[in-house]
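User: I'd like to go through some labels on this structure and hear the reasoning behind each. Can you take me through them?

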Amino acid sequence: MRHLIRPAIVLAGLLLSGSRIGAQSPDSSRTDSVAQKLKAVSVSETRAATVAGGASAVVIKPELLRASPAPLLEEALRESPFVHVRQNSRGEMELSIRGSDSRQAAVLLDGVPITLGFDHRTDPSLVPITGAQSLVIVRGLSSLLNGPNTLGGTIEVSHENAFGQLGTGRIWGGVGVDENSAYVASLGGGREMERALGGRFSLRAGVAHRKRDGFSLPDDAPDPTAVNGLRTNSDLRETDAFSSARWSGAMGRSLGLTVSGFNAERGVPPEEHIAAPRLWRYPFHSRVLAALSANAGSFRTPFGYGTLEFGGGYNTGRLKIQSYSDRTYQSVTGEERGNERTWTSRALFSHSLPRSARIKTAVTMANVSYAETLPPAAVADYQQRLWSAGTEIDLPLTARTTIAGGLVYDQAATPRTGGRTPGQESFNHVGWRGGVTHEVNEDFRVHASASQRARFPSLRELYSGALNRFLANPDLKPETLLGFEAGVTADRSLGPIPDATLQLNAFHHALEDAVVRITLPPPDRRFQRVNRDRLVSTGTEILAGVAFGIDRDRSVTITGDALLQRISITDRTAAGQPSRHAENNPESRGMIELGVPLPSRVRAFANARYTGTQYCLNADTGADMTLAAKTEANVALERRMSISRRGAVRGLRALLALDNAGNSAIYDQCGLPQPGRTLRAMLSIQ
């Protein structure tokens, strides 16, 4: 942390200086099309509450996050409410929404699902969101048309309307330290070109680089091989880049292509609660994502008006894992190489119906190929095909009440199983959903929804041995989730407070045939995934914000969120078994933040993040371990300065932050603590 003191002092001077550059004022030309389409209401500068198809949602603005000058999806989601992000023993980040497993939440890039792959989940710590316009986080199931295996929430990274702000040219970028102690530098730009083919053509591109020797070790967190207070084997070298092109014509016609990718080398911190943790490194890990979108625009038919959209995605990645004999990470004892290719396509047809109703039909197909090499064995080839076809209807009952409902047919097959026989039989499932939204008035609306859908096991769950840590189980069956939710969203209707918003939700999720990890009896002691449990989560989500003043930049603001849930897990294969604690999933979490205006147009922020008691299974003893509830305190100073409304550089942003000021040991899961106290400085152009 010492190496940051001098630049932090310089940045503090910039924050407090009486520069002639004026304070940034809101740009009236700026719009957030996603937020407008979803009728979002502001909770804070970075997030807004909304409802989609009878399900609650939050819209996040990545450019205003304080985590990094070039945030990764993981960093954005850690600042977001109700999404639980944790690191696992493979060094990957996992997501959980409402007690779900990480494979039950879908991640989409401009409408193309990128969670369909060898493992059916996306590591958000390796997904750059530089240049994204918004993140839309839906905790329930708002649509059946987002592809197969979408049942426990969706997280969409959207570039919608990002091209509308380019004008004759824009430049953005920044330098600083992110919340994981990595040095970050980023640069990007874009401009609108000459009119072409009767429309507008725009280009955007950017690049970012991250480097860290390790993140800081918090107090009371064991790590016998930590050096200079840095967590063992937590280093990172990563470069990512993106490029987007879009043509927009009349009547909503458009054609767009977004390509992003990264190349990384990283360590995997060892678990500190067991005798033989994974001692792994990724000498290389790379991925390229491409999303093609096309919209035929609005056209007339004999029955009304329709639109036709097409999306195609290509997701390819290469990785190499090395295991080591001891914590010096010098002697390699094993190696795994993987080469993944996933093609995804989606067609969506939407058509008007009488009384302003609308019907939508979508077909999504995905083909997953994976080549696994475990020397000296030969290459094992795997393949999985998934597809879904669904129809939904949005029907306004009155001017203020809308109902939505639909059906979807999902299917999965695994033609190639890496030489393991027998392979998994083909599975199919019919899912459904229904939702209702009622606007009591302009400031108050209520919603409710119910849904049921299945998730098919991934290739990794079925066949992978993970360097002989797992025994494969090709007999896994699909999981099925039945979900209910109801809630209210209010804006400026809470009495004398000038500006107040509130979203309150209650939910109930029941997952049947949950895939869980068990430890095989001696002498094997390997892990295996089996269908065993019934998981039920019931809880309440609260999202609120108040601003004491008309000008948000000069107002005192209080924002917060809270999740209170009860997760019950019952072994359905053994009669009379009591319910167990959910593993690595705290039943209570929350955050409260105070924003205060200071002289020289500086804003100060202080927040506290609470993580409740959580439990995990110790693989050595077979017994539950308890992690005590902890609270993390964070403070920050921020100043935004406008330069020009139309120039290539519109403004500057300076940030000085102290994360985890108390140096508390807060765990993602047993043996894997989050970073300790971290002093950060950041300067960005916007």
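Analyst: Sure, starting with one residue pair: E485 stands opposite F507 in β26. This is a predicted model, where local features need pLDDT of at least 70, side-chain atom pairs count only at pLDDT 80 or more, and totals for chains, interfaces and linings use all residues. Residues are numbered from 1 along each chain as its sequence is written, and side-chain values use heavy atoms, with hydrogens and water left out.

User: What makes β25 and β26 a strand pair?

Analyst: Strands (E, at least two residues) are DSSP runs numbered from the N terminus, and two of them pair if DSSP finds at least two bridges between them. Strand β25 (residues 479-491) and strand β26 (residues 499-519) have 12 bridges, in the antiparallel sense, so they qualify under that rule. β26 also runs antiparallel to strand β27 (residues 527-548), with 19 bridges; R517 has R529 in β27 as its bridge partner.

User: Why is the pair of Y324 and Y329 called edge-to-face?

Analyst: Rings of Phe, Tyr and Trp (its six-membered ring) pair if their centres lie within 6.5 Å; planes under 30 degrees apart count as stacked, over 60 as edge-to-face and the rest as tilted. The centres of Y324 and Y329 are 5.5 Å apart and their planes are at 65 degrees, so edge-to-face is the label.

User: And what makes the pair of F470 and F527 tilted?

Analyst: Here the angle between the planes is 55 degrees, with 5.5 Å centre to centre. F470 lies in strand β24 (residues 470-471) and F527 in strand β27, so the pair ties together parts that are 57 residues apart in sequence.

User: How do you know that D533 and R532 form a salt bridge?

Analyst: The term asks for a side-chain nitrogen of Lys or Arg within 4 Å of a carboxyl oxygen of Asp or Glu. For D533 and R532, the closest N and O atoms are 3.0 Å apart, so the pair meets that cut-off.

User: Which of these counts as buried and which as partly exposed, D533 or R532?

Analyst: Buried means under 20% relative accessible area, exposed over 50%, and partly exposed in between (1.4 Å probe, protein chains only). D533 has 2% relative accessibility, so D533 is buried. R532 has 21%, so R532 is partly exposed.

User: What makes R66 a charge over a ring?

Analyst: The rule wants NZ of Lys or CZ of Arg within 6 Å of the ring centre and within 35 degrees of the ring normal. The charged end of R66 sits over the ring of F605, 4.2 Å from its centre.

Key
Helices (H or I, at least four residues) and strands (E, at least two) are DSSP runs, numbered from the N terminus.
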